[in-house]
Amino acid sequence: MHCINCHEVFMQQTFWSNLFLPDKRNPVCDDCRNKLIFLTEPVCPKCCRPMDKPDLCLDCQSWGGNSDILNKNISIFSYNQAIKDIINRWKYRGDYLLGKVFQYELARVFNQHYKNLEAVAIPIPLSKERMLERGFNQAESLAGFLDIPMVHALTRIHSEKQSKKSRTERVTAQNPFRLTRSVISPVILVDDIYTTGTTIRHAASLLKEAGVKEVYALTLIRS
Amino acid sequence: MNKFISSIHDYFSPDLSWIPQQTIPQVTHVEKPLSHLLSGKLFLPYELPEESLSFINAHFTKVPAIEKHWWGYRCRRCGNQKKYLFAYMPCGDQGKKCLYCRKCIVMGRVSECTPLYLFVPSVQWEKVKEACVWKGRLTSFQADAAEKINEVMAKGSARLLVWAVCGAGKTEMIFPGLATAFAQGKRVCLATPRTDVVRELLPRFESAFPNVKIQALFGDSPVKQADAQFILATTHQLLRFARAFDVMVIDEVDAFPYHADVSLPFATRRAAKETAGIIYLTATPRPKQLKEIDSKKLPTVFVPRRFHGHPLPVPSFVGCFNLRSSLKQERLPEKVKAWLDKRGVVTRQLLIFVPTISDAALVERLLHATFSSITAVHASDPDRKEKIELFRNKVYEVLVTTTILERGVTFPSVDVIILDSGHTVFDQAALVQIAGRAGRSPTDPHGEVVFFHQGKTDAMEGAVEMIKRMNKRGRKIVDALH
Ligand SMILES: [Zn+2]
Ligand SMILES: [Zn+2]
Ligand SMILES: [Zn+2]
């Protein structure tokens, strides 16, 4: 089998559990996988930010601690050149298949933290223009890797172009999302990257207002 | 049955008849710059300049980007036909899936539903009289090759392999041919595998051909447009062209990635006009090319002497049977130590090749006591450029390197050694290239080259044989002259 990232041939690990399920096998070679940095304890128990001690980070304290609208974010990787290159080719160049690099790890982390929530997955949406440009939504690809129902309950009313704004501007900016349908079960918001947590909380606030009791997030990268 | 055979043939030698025939363009004078900019290139729909849509509608041909065959698919942009380098992705809201090419994705995604746009007119480029202002003189070895190159460039519809030893001065050899081509109003492309070489060649060509418009294209080059008569490009950039060039020069045709990647021969064939003259340059032909040379399928000219007239330094072998185990115990092998001691104080710098990145770091550490100014580089070293520059400026006495410095870079006065020359990363071509780093300067044409090994390989013996063969060929010609 060829590694879907570097295209080199490698031997896939086969276990009894995936013997008849080729889709469940990790399509990434060890070389490529070893270049990714997995987040390790201690982290902020709320947002997964790497910490010296497992205490609530300053950002999360300012989000209100226990009154924070987000129950928890789980991320898998920290940001480095290797993952940046993959994300760049996947999301911006549009190599749709590369999302599968993360399928295996995403499912593993989901099972570890969120398995018993009976939640639905809601991907953070792209604007119409971005969707047209890229042809797919990376958050939706990720949500599709989870063994739970996916609900398209959000649309984006403002475009993603926010990188030039300062952090406070971004935090106080208008909510870029709109809720398009009601949800009653717990929700796991899915996105590729958690930076300030603002995007996720914008989405979470709409869900909370609409009566959702628990809102979690699952993101690939904690930057 | 005939159809079956032709489709088998197509699998190995892609059919390019989907490219529209060259037409005499009915373009107005106003549109002429536009036709220079747009002709001979492949465009994705979103790359088309919006302000020129009426021109595009009138002159462009739209073709599917991916061909479907009974044996699989082929990408028309990069020639990829490997199944694992195609994938499906969702397309539109209707649940439709579309096949796209993963191989050339960095140049923008091509899929079943994105057509390629192209425009192949016979655009007239400027006829530049006496374009070459270079005043140097070619050696008799260079002159012989230059004449044959000139012939191919002038006439077109021919190929020529120039087998020139490392340090032969191949750039100057193509000057006369280029001058002829520009005088005829031809468009020329020189493609080379490495960005560094493109960067280094640009000023040399600019000063030799001041009246020809020249552009350099590489991954993140400032110039993207490519509307010049003379294009210097990395081989990958050829993926953007179709029937664009009257003359193509493919530098280091044996080098990775050209010989390992079907895309590049495919793109070269497509980028050249059917009537193009194609020149391949190499110092170390691959077995495939040697076969073509021997069977006289590929006309070849030899340049067996360096421009300074001296033969190539012939590597000597030193067997050290504890080479690997010594390094493993973090000791320098005795034979290497002895050689360094015997070398004593010399004015030449020392270039040490090792097979792996970890070896480079280790050898640097082991030699620190002996040489005060030593450093090591490898491909992903962020300071690579600076270190090489500092070595060139003689700030460092010794440079330990992996194979990344096997080609292209020249240092005037170095001794070259390889530790573990039997390692598989050192194939015959690599060894010849490495040996070719020594003795480059006319003031010091005799660098020493030593291969420290733990058992001779065919590659090592082949390399020495190739070097001796070229020296002998050179000797004969020199003798005949006297
Ligand atoms: Zn890989
Ligand atoms: Zn936190
Ligand atoms: Zn392709």
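In this predicted model, one enclosed space in chain B is lined by Ser39(B), Gly40(B), Val120(B), Pro121(B), Val123(B), Trp125(B), Arg187(B), Arg243(B), Ala244(B) and Lys273(B), and this is the second largest cavity. It holds about 60 Å³ of space. Sorted by class, its lining comprises five nonpolar, two polar and three charged residues. Among the residues named above, Arg187(B), Arg243(B) and Lys273(B) belong to this lining and count as charged.

The wider search gives a total of three cavities of 30 Å³ or more. The largest cavity has a volume of about 80 Å³. It is lined by 13 residues, of which Val165(B), Cys166(B), Leu312(B), Val432(B) and Ile467(B) are the closest to its centre. Two helices of chain B, H14 (428-435) and H15 (458-481), are the elements that each give two or more residues to this lining. The largest share, three residues, is contributed by H15(B). As for chemical character, the lining of the largest cavity has eleven nonpolar residues, together with one polar and one charged residue.

The location of the largest cavity can be read against the domain layout of the chain. Chain B is assigned domain 1 (2-119), domain 2 (140-303) and domain 3 (316-466). Because domain 2 and domain 3 of chain B both give residues to the lining of the largest cavity, this cavity lies between them. On the scale of whole domains, the centres of domain 1 and domain 3 of chain B, taken over C-alpha atoms, are separated by 46 Å.

Attention now turns to chain A and its metal site. The zinc ion (ligand 1) has four protein donors, the SG atoms of Cys3(A), Cys6(A), Cys29(A) and Cys32(A), at distances of 2.2 to 2.4 Å. Along the chain, these donors follow the spacing C-x2-C-x22-C-x2-C. What geometry does the site of the zinc ion (ligand 1) have? The angles among the four donor atoms run from 104 to 119 degrees, and the site is tetrahedral. For reference, the ideal angle for four tetrahedral donors is 109.5 degrees. The assignment follows because four donors count as tetrahedral if all angles lie between 85 and 135 degrees. Are Cys29(A) and Cys32(A) buried or exposed? Both of these zinc donors are buried.

Definitions and conventions
Residues numbered from 1 in each chain as written. Chains lettered and ligands numbered in written order. Predicted model: local features only at pLDDT ≥ 70, side-chain atom pairs only at ≥ 80, totals over all residues. Heavy atoms only, no water. Donors = N, O, S within 2.8 Å, 3.2 Å for Na, K, Ca; no water. Tetrahedral: all angles 85-135°; square planar, octahedral: opposite > 155°, others 65-115°. Buried < 20%, exposed > 50% of the residue type's maximum accessible area, 1.4 Å probe, protein only. 1 Å grid on protein atoms, 1.4 Å probe; cavity = no way out; pocket = protein on both sides within 12 Å on 5 of 7 lines; lining within 4 Å. Points joined across faces, edges and corners; volume = space filled by probe spheres on them. Helix = DSSP H or I, 4+ residues; strand = E, 2+ residues; numbered from the N terminus. Domains from an automatic or database assignment.
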